[in-house]
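Student: I would like a close look at one part of this structure, with its surroundings explained step by step. Please start with the pairing of a single strand and work outwards from there.

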Amino acid sequence: MHARRLFTQELGDPAFGRGAHDALDALSVGLTRCKISWVLDADIRGFFDAIDHEWLVKFVEHRIADRRVIRHIKKWLRAGVLEDGKRTQADRGTPQGGSISPLPANVYLHYAFDLWVHQWRRRQARGDVIVVRYADDFVVGFQHRSDAERFLGELRQRLAKFTLELHPDKTRLIEFGRFAAERRKRRGQRKPETFDFLGFTHACSRTRKGAFMVLRYPIKKRVRAKLAAIKESLRRRMNRPVAETGRWLQSVVSGWLRYYAVPRSYPWLNEFRRRVTWQWWWTLRRRGNKRKATWAQAYRLATRWLPVPRILHPYPDQRFGVRTQGRSPVR
């Protein structure tokens with residue numbers, strides 16, 4: 001599999017049969033199998049609010065000739081957004097959270113980004129290039145820094161044509177890959193920087209046998225936000241029956257663990273469960289009972305209600321191989 005011809009396009013819509021973990025697997029496989037030394041961690045500023053209606057209609061018309069469908073899309077775009085009883089209209093943007101918002105957003109980026117980057121890699125790149133996109137989040141990997149810098153400059157111009165722009169504070173080019181740590185050490189620099197994608201922080205690491213691998217773990221900021229939300233909900237549920245709170249926590253924690261249960265993430269999962277147990281114990285102690293709940297009691301409750309962390313997702317190359325079996329991932 002030659003990296004210059006590997007183009008993984010992940011669409012953020014269940015109708016395409018692809019989820020966030022398919023994009024995460026494709027990214028890990030691309031970073032480990034291909035000659036990647038630089039990663040462009042990009043973010044489009046206010047993407048859903050910046051979509052131009054005229055361009056979007058043109059893109060849809062390129063594939064759909066039925067004027068009734070086009071008319072319905074135009075009506076949906078003109079409908080505007082209802083906030084606090086007030087209806088606002090604009091010639092740009094699609095309502096986030098809408099039932100069909102992911103679909104036009106993917107159509108827009110398919111023409112504004114996907115087709116262009118595929119052509120750019122074929123005609124301009126000197127080395128390997130990988131691209132993984134999921135909805136409006138994308139990561140591009142390069143073998144040569146010169147390719148990465150030239151691509152970034154031309155990408156800004158390309159997006160500007162379609163009323164989009166990269167966020168200046170959230171877009172960065174970092175050294176990343178199998179030789180990044182060694183090269184930075186020779187230059188007297190720190191460990192390679194990490195980047196975030198679809199809820200995970202990606203870092204350069206090694207297997208027990210010394211082979212390069214991409215270590216993935218939950219973004220710390222999101223973990224803190226989730227724990228803060230659980231703490232606030234526990235405070236509101238302070239006087240509810242213990243079993244009712246236990247069932248609620250079971251649902252919340254199991255959903256969180258299922259998403260982040262990737263290989264080598266067990267320490268982070270176990271710490272998250274421990275923090276939730278501590279928050280529940282602290283809430284029980286503030287219920288005003290004469291006999292305060294002990295940590296031993298909280299531990300028994302956690303054993304009864306909170307799921308134990310388990311690694312549920314296979315290694316990226318295993319699932320990626322199964323999903324692409326019989327279908328070439330090379331385009």
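Tutor: In this predicted model, strand β2 and strand β7 (residues 172–175) run antiparallel and are joined by 4 bridges. Within that pairing, V39 of β2 has I174 of β7 as its bridge partner. Strand β2 also pairs with strand β6 (residues 137–142), again antiparallel, through 5 bridges. Here D41 is matched with V139 in β6.

Now consider how covered the strand is. Strand β2 spans residues 38–42, and 5 of its 5 residues are buried. In a regular strand the side chains alternate between the two faces of the sheet. In β2, one side carries W38, L40 and A42 and the other carries V39 and D41, and both faces are covered.

D41 deserves a second look. Besides its bridge to V139 in β6, D41 belongs to a network of salt bridges together with R172 and E193. Side chains of opposite charge can pair when their charged atoms come close.

Strand β7 has a salt bridge of its own to add. E175 pairs with R187, and their closest N and O atoms are 2.4 Å apart. E175 lies in strand β7 while R187 lies in the loop between α7 (180–186) and β8 (195–197), so this pair ties together parts that are 12 residues apart in sequence. The two partners are not equally covered: E175 is buried, with a relative accessible area of 6%, whereas R187 is partly exposed at 45%.

Moving past the end of β2 brings us to another pair. R45 and E165 meet through their side chains in a salt bridge, 3.1 Å from N to O. R45 sits in the loop between β2 and α2 (47–50), and E165 in the loop between α6 (145–161) and β7, so the contact ties together parts that are 120 residues apart in sequence. R45 has 36% relative accessibility and counts as partly exposed. E165, at 42%, also counts as partly exposed.

The loop between α6 and β7 also holds T163. This residue is not a glycine, yet its phi is positive, near 65°. T163 is partly exposed, with 22% relative accessibility. A135 is another non-glycine residue with a positive phi, about 55°. A135 is found in the loop between β5 (129–134) and β6, and β6 is one of the strands that pair with β2.

On the other side of β2 in the sequence, helix α1 covers residues 20–33. Its 14 residues reach 20 Å from the first C-alpha to the last, close to the 20 Å expected at 1.5 Å a residue. Of those 14 residues, 12 are buried, so α1 is largely enclosed by the rest of the structure. Among the buried ones are H21, D22, L24, D25 and L27.

The salt bridges discussed so far belong to a count of 16 for the whole model. One more of them, between the side chains of R240 and E244, has an N to O distance of 2.8 Å. R240 is partly exposed at 36% relative accessibility, and E244 is partly exposed at 27%.

R240 also leads to a different feature, as it is one of the residues lining the largest cavity. The count comes to 1 cavity of 30 Å³ or more, and the largest cavity has a volume of about 50 Å³. Its lining includes R237, M238, P241, W280 and R287. The elements that give two or more residues to this lining are α9 (242–260) and α10 (266–285). The largest share, 3 residues, comes from α10. By type, the lining residues divide into 6 nonpolar, 2 polar and 3 charged.

One last residue is P307, in the loop between α11 (295–305) and α12 (316–323). P307 counts as partly exposed at 24% relative accessibility. Its C-alpha is separated by 9.5 Å from that of L249, although the two residues are 58 apart along the chain.

To return to the starting point, β2 is joined to β7 by 4 bridges and to β6 by 5, and 5 of its 5 residues are buried.

Note on methods: Residues are numbered from 1 along each chain as its sequence is written. This is a predicted model: local features need pLDDT of at least 70, side-chain atom pairs count only at pLDDT 80 or more; totals for chains, interfaces and linings use all residues. Side-chain values use heavy atoms; hydrogens and water are left out. Buried means under 20% relative accessible area, exposed over 50%, partly exposed in between (1.4 Å probe, protein chains only). Two strands pair if DSSP finds at least two bridges between them. On a 1 Å grid over the protein atoms alone, a cavity is a set of points where a 1.4 Å probe fits but cannot get out, and a pocket is an open set with protein on both sides within 12 Å along at least five of seven lines; lining residues have an atom within 4 Å of a point. Grid points are joined across faces, edges and corners, and a volume is the space filled by probe spheres set on the points. Ala, Val, Leu, Ile, Met, Phe, Trp, Tyr, Cys and Pro count as nonpolar, Asp, Glu, Lys and Arg as charged, and the others, Gly among them, as polar. A salt bridge is a side-chain nitrogen of Lys or Arg within 4 Å of a carboxyl oxygen of Asp or Glu. The expected span of a helix is 1.5 Å times one less than its number of residues.
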